[in-house]
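Subject: Structure handover

Hi,

Here is the structure I promised to pass on to you. Have a look at it first, and then read on for what turned up in it.

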Amino acid sequence: MPFNPDQIVFWQYGPFKLSATLLYTWGVMVLLVTGSWLATRRIRPTLRPGRWQNFLEALVEVIRNQIREVTHQDPDRYLWFVGTLFLFIALSNLLAPVPGYLPPTASLSTTTALALCVFVAVPWFGIREVGLKAYLRQYLEPHPLMLPFNVIGEFSRTLALAVRLYGNLMSGAVIGAVLITLVPFFFPVVMQLLGLLTGFIQAYIFAILALVYIASGCRVQQERLARLRTREESP
């Protein structure tokens with residue numbers, strides 16, 4: 001029984017192959033886009049919204065409040081990125097009970113791609129906050145000799161995110177398969193329920209960690225910029 005969707009290949013031509021990871025990733029993205037369109041197509045600015053619109057607005061407000069509590073900053077700048085990460089990981093994991101489906105997040109390539117998105121998002125949000133020159137200057141602080149260590153710190157943070165998500169999801173799949181082999185009539189139901197819960201929690205933790213990395217980077221840049229301006233204005 002394969003635990004990793006990379007091991008399942010549906011089609012291959014030379015170096016090009018269509019694996020379960022690629023197919024299920026695109027399937028999840030199609031579901032997200034279609035579901036988003038269906039859920040929001042009738043939403044209009046109105047003083048008397050319907051039940052569905054009320055529910056969606058309350059859900060978005062809960063996420064905004066969560067982001068505001070974690071970052072102490074304007075939540076709207078991070079909502080689209082962190083919300084997309086959370087929805088993709090959560091839906092990928094919650095579809096696990098579907099027969100024949102393997103979560104693409106059980107593949108190291110998928111978790112690495114998600115971590116790379118965070119890796120790119122951290123400097124992107126930081127540069128938007130203080131500009132390219134001021135952002136790059138942080139790698140030379142407190143001393144230019146710290147440049148290699150600051151760069152290694154950026155890469156190690158990305159690696160930790162990818163391995164953490166992959167390890168948790170992969171270990172859950174392996175343990176579930178072993179228990180199903182030992183007791184095939186009882187553990188499948190329990191492990192599926194437990195897998196849904198842990199999958200949702202992992203999506204939440206990954207989104208919060210990504211949010212903390214991005215927001216802390218922006219906060220550091222804001223404080224640096226404020227110190228520089230104070231130093232320049234002081235006589």
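A cavity, as the word is used here, is a set of grid points where a 1.4 Å probe fits but cannot get out. One thing to keep in mind throughout is that this is a predicted model.

Let me start with the empty space. How many cavities of 30 Å³ or more does the structure hold? There is one, and the volume of the largest cavity comes to about 40 Å³. Its lining is made up of Val118, Phe119, Val122, Glu154, Arg157, Thr158, Leu161 and Tyr213. Two elements, α4 (108-130) and α6 (147-182), each give two or more residues to that lining. Of the elements, α6 contributes the most, with four residues. Sorted by class, the lining has five nonpolar, one polar and two charged residues.

Since α6 has come up, one residue in that helix deserves a line of its own: Tyr166. Which residues does Tyr166 touch, leaving aside those up to four places away in sequence? They are Asn4, Thr105, Ala106, Ser107, Leu108 and Thr111. Thr111 is 55 residues from Tyr166 along the chain, yet their C-alpha atoms are separated by 6.0 Å.

Now to the helix packing, where α3 is a good guide.

Helix α3 and α4: the two axes come within 12 Å and cross at roughly 175°. An angle over 145 degrees counts as roughly antiparallel, so that is how α3 and α4 are described. On the α3 side, the contact is made by Arg77, Tyr78, Trp80, Phe81, Leu85, Phe88 and Ile89. On the α4 side, Thr110, Leu114, Cys117, Val118, Ala121, Trp124, Phe125 and Glu129 take part. By class, these residues divide into 12 nonpolar, one polar and two charged. Val118 of α4 is thus shared between two parts of this story: it belongs to the contact with α3 and also lines the largest cavity.

Helix α1 (residues 20-40) and α3: here the axes come within 10 Å, with a crossing of roughly 115°. The crossing is right-handed. Thr25, Val28, Met29, Leu31 and Leu32 in α1 meet Leu87, Phe88, Leu91 and Ser92 in α3. This contact has seven nonpolar residues, two polar ones and no charged ones. Phe88 of α3 appears in this contact as well as in the one with α4.

Helix α2 (residues 51-71) and helix α3 (residues 76-94): the angle between them is about 110°, and their axes lie 10 Å apart. These helices are therefore roughly perpendicular to each other. Again the crossing is right-handed. From α2 come Val60, Ile63, Arg64, Ile67 and Thr71, which meet Asp76, Tyr78 and Leu79 in α3. The classes here are five nonpolar, one polar and two charged residues. Tyr78 of α3 takes part in this contact and in the one with α4.

If you want a place to begin in your viewer, try Val118, which lines the largest cavity, or Phe88, which meets residues in α1.

Happy exploring, and best wishes!

Methods. Residues numbered from 1 in each chain as written. Predicted model: local features only at pLDDT ≥ 70, side-chain atom pairs only at ≥ 80, totals over all residues. Heavy atoms only, no water. Axes fitted to C-alpha atoms, helices over the stretch in contact; angles between N-to-C directions. Parallel < 35°, antiparallel > 145°, perpendicular 65-115°, else oblique. Left-handed = near helix turned anticlockwise from the far one by under 90°. Contact = heavy atoms within 4.5 Å. Nonpolar A, V, L, I, M, F, W, Y, C, P; charged D, E, K, R; others polar. 1 Å grid on protein atoms, 1.4 Å probe; cavity = no way out; pocket = protein on both sides within 12 Å on 5 of 7 lines; lining within 4 Å. Points joined across faces, edges and corners; volume = space filled by probe spheres on them.
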